[in-house]
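Visitor: I'm new to protein structures. Could you walk me through this one?

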Amino acid sequence: MTKTLAGLMAASVFALATTTAIAHHSFSAEFDADKPFIKKGVVTKSEWMNPHTYSYIDATGDDGKVVNWGMEMGSPNGLMRQGWTRNTMKIGDVVTVEGSLAKDGSHVGNARAVILASTGKRLFAASSQGQTP
C-alpha cells in the first residue's frame, strides 16, 4: 500500500508540474520586443493568477475608439517582490502601461512598467522580456 501511495503522489506532482510548464511560454513566442507601446487607460479588470497576472485597460486609440487591452505581467510572486499588492491597480484607476505588443496583432501586450496616475508611482511589471525599464 505504501508503494502505491508513493506512486500516486509522484504521479500527481508530475502532472501538476507539467501542466504549469505547458501553460507557460517564453516572451519571444508571443510578443515582439521591436514593437513597443505606451497605453494610457482605465483599469477594467485584474486577474492575479499563475503563471502570469493579467490586467485589462480601456484605452482610446488615435481614431477615438476605445479598445480594451489585455496586459500580461509577471507572476503574482514576482509582482509582490516589486512592491505590488492585489489592490495596487483597482478597477477605475487610470494607468499608463509601457511594454511590447503581441506578435499576432491582437489587443494584448506584455507590460514592462505601469505608472499609476493617482500617485505618479512607476512600478516594474515583472515582465518576462528580460529588460527592465
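Guide: Sure, let's start with the parts list: the chain has three helices and six strands. Helices (H or I, at least four residues) and strands (E, at least two) are DSSP runs, numbered from the N terminus. This is a predicted model, where local features need pLDDT of at least 70, side-chain atom pairs count only at pLDDT 80 or more, and totals for chains, interfaces and linings use all residues. Residues are numbered from 1 along each chain as its sequence is written, and side-chain values use heavy atoms, leaving out hydrogens and water.

Visitor: In what order do the elements of the chain run from the N terminus on?

Guide: Helices are written α and strands β here. Read from the N terminus on, the order is α-α-β-β-β-α-β-β-β.

Visitor: What is the mean pLDDT of the chain?

Guide: pLDDT is the predictor's confidence in each residue, from 0 to 100. Over residues 13-24 it is below 50, and where pLDDT is low, the predicted coordinates should not be read in detail. Still, 74% of the residues reach 70 or more, and the chain's mean pLDDT is 83.

Visitor: How many residues are in the largest nonpolar core?

Guide: A nonpolar core is a set of buried Ala, Val, Leu, Ile, Met, Phe, Trp, Tyr and Cys residues joined through side-chain atoms within 4.5 Å. Buried means under 20% relative accessible area, with exposed over 50% and partly exposed in between (1.4 Å probe, protein chains only). Ile57, Met73, Trp84, Met89, Val95, Val97 and Val114 have the most contacts inside the largest core, whose residue count is 20.

Visitor: Which strands does E5 pair with?

Guide: Two strands pair if DSSP finds at least two bridges between them. E5 runs antiparallel to E4, with seven bridges joining them, and its pairing with E6 is antiparallel too, over three bridges. With E3 there are three bridges in the parallel sense. That gives E4, E6 and E3.

Visitor: Which residues are the bridge partners of Val114?

Guide: Val114 sits in E5, and its partner on the E4 side is Val97. On the E6 side, Val114 is matched by another residue. So the pair of names, going by the bridges DSSP finds, is Val97 and Leu123.

Visitor: Is Thr53 buried or exposed?

Guide: Thr53 belongs to strand E2. Counting contact as heavy atoms within 4.5 Å, and leaving aside neighbours within four places in sequence, Thr53 meets residues including Trp48, Met73 and Leu79. Its relative accessible area is 0%, so Thr53 is buried.

Visitor: What is the volume of the largest cavity?

Guide: On a 1 Å grid over the protein atoms alone, a cavity is a set of points where a 1.4 Å probe fits but cannot get out, and lining residues have an atom within 4 Å of a point. Grid points are joined across faces, edges and corners, and the volume is the space filled by probe spheres set on the points. Thr53 and Trp84 are among the lining residues. The volume comes to about 40 Å³.

Visitor: Which peptide bond is cis?

Guide: Most peptide bonds are trans. Here, look at the loop between E1 and E2, where Pro51 lies. With omega near 5°, the cis bond is the one from Asn50 to Pro51.

Conventions. On a 1 Å grid over the protein atoms alone, a cavity is a set of points where a 1.4 Å probe fits but cannot get out, and a pocket is an open set with protein on both sides within 12 Å along at least five of seven lines; lining residues have an atom within 4 Å of a point.
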